[in-house]
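Student: Could you take one part of this structure and look at it closely, with enough of the surroundings to place it? I would like a connected account rather than a list.

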Amino acid sequence: MKYKLSDICEYAKGKVAVETLDERTYISTENMLPNKGGIDIASSLPTISQTQEYMVGDVLVSNIRPYFKKIWHAEFEGGCSNDVLVFRAKDGTDPDFLYYVLANDEFFDYSMATSKGTKMPRGDKKALMEYEVPNYPLSIQRKIASLLKSIDGKIAINSEINKNLAA
């Protein structure tokens, strides 16, 4: 049996004052890196007074041009542009598992297939919540996430080693 994404998470709705943010804690589509590369430091802050809030464990996904596969699993609190979707795990869902569900290429393919617009396609927020996800108990979610996190850690170490060897 499968769930809909809306069964395991929701869009975060909180706001945060921009004056409490800095270039490290503000996330926009511009400082999200393609191909699941995480984030970089923002070049500037928005000129509005409040922006969308994210919390540790939330999953941020760029909603513009989903084919760039821009995603980040929040390691600290901050704020983001409205072009970034903030997914928050519901009770009974492991936040790490949610990240891996959303980081799957199938999710980005689905986002493109249901997107609106051609020049700058945007994911359809309502359609995204219809995306089918596996129905696993919390204990299995945690095991899957732990295994994938371990693999990601090894990939990060290998990438750092390769970067240092090339320098």
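**A close look at one loop and its setting**

Tutor: The accessible surface of the protein chain comes to about 9,600 Å², and 52% of that area belongs to carbon and sulfur atoms (Shrake-Rupley method with a 1.4 Å probe; for residues, only the protein chains shown count as cover). Please bear in mind that this is a predicted model, in which local features need pLDDT of at least 70 and side-chain atom pairs count only at pLDDT 80 or more, while totals for chains, interfaces and linings use all residues. Residues are numbered from 1 along each chain as its sequence is written, and side-chain values use heavy atoms, with hydrogens and water left out.

The loop I would choose lies between strand 4 (26-27) and strand 5 (50-54), and Gly37 is found in it. The protein chain as a whole has 5 helices and 10 strands (DSSP runs numbered from the N terminus, H or I of at least four residues for helices and E of at least two for strands). Within the loop between strand 4 and strand 5 we also find Asn35 and Lys36. Although Asn35 is not a glycine, it has a positive phi of about 55 degrees, and Lys36, likewise not a glycine, has a positive phi of about 60 degrees. Asn35 counts as exposed because its relative accessibility is 58% (exposed is over 50%, buried under 20%, and partly exposed in between, with a 1.4 Å probe and protein chains only). At 31%, Lys36 counts as partly exposed, and Gly37, with a relative accessible area of 41%, is partly exposed as well. From Gly37 to Lys69 there are 32 residues in sequence, yet their C-alpha atoms are 8.6 Å apart in space.

For a contrasting site, turn to Asn63, which is found in the loop between strand 6 (59-62) and strand 7 (71-73). Asn63 is buried, its relative accessible area being 8%. Leaving aside residues up to four places away in sequence, Asn63 touches Asp83, Leu85, Pro121, Arg122, Gly123, Lys125 and Leu128, a contact being heavy atoms within 4.5 Å. Over the whole protein chain, 72% of the contacts between residues at least 6 apart in sequence join residues at least 24 apart.

The cysteines deserve a careful word too, since the structure holds 0 disulfides (pairs of cysteine sulfur atoms within 2.5 Å). The sulfur of Cys9 is 14 Å from the closest cysteine sulfur, which is in Cys80, and that is too far for a bond. Seen from the other side, Cys80 is in no disulfide either, with the sulfur of Cys9 as its nearest, 14 Å away. Cys9 counts as buried at 1% relative accessibility, and Cys80 is buried with a relative accessible area of 0%.

Finally, the overall frame: of the 167 residues of the protein chain, 41% count as buried, and the C-alpha trace spans about 45 × 45 × 35 Å along its principal axes. A compact globule of 167 residues would have a radius of gyration near 15 Å, so the 16 Å of the protein chain agrees with that expectation (taken over C-alpha atoms, the rule being 2.2 Å times the number of residues to the power 0.38).
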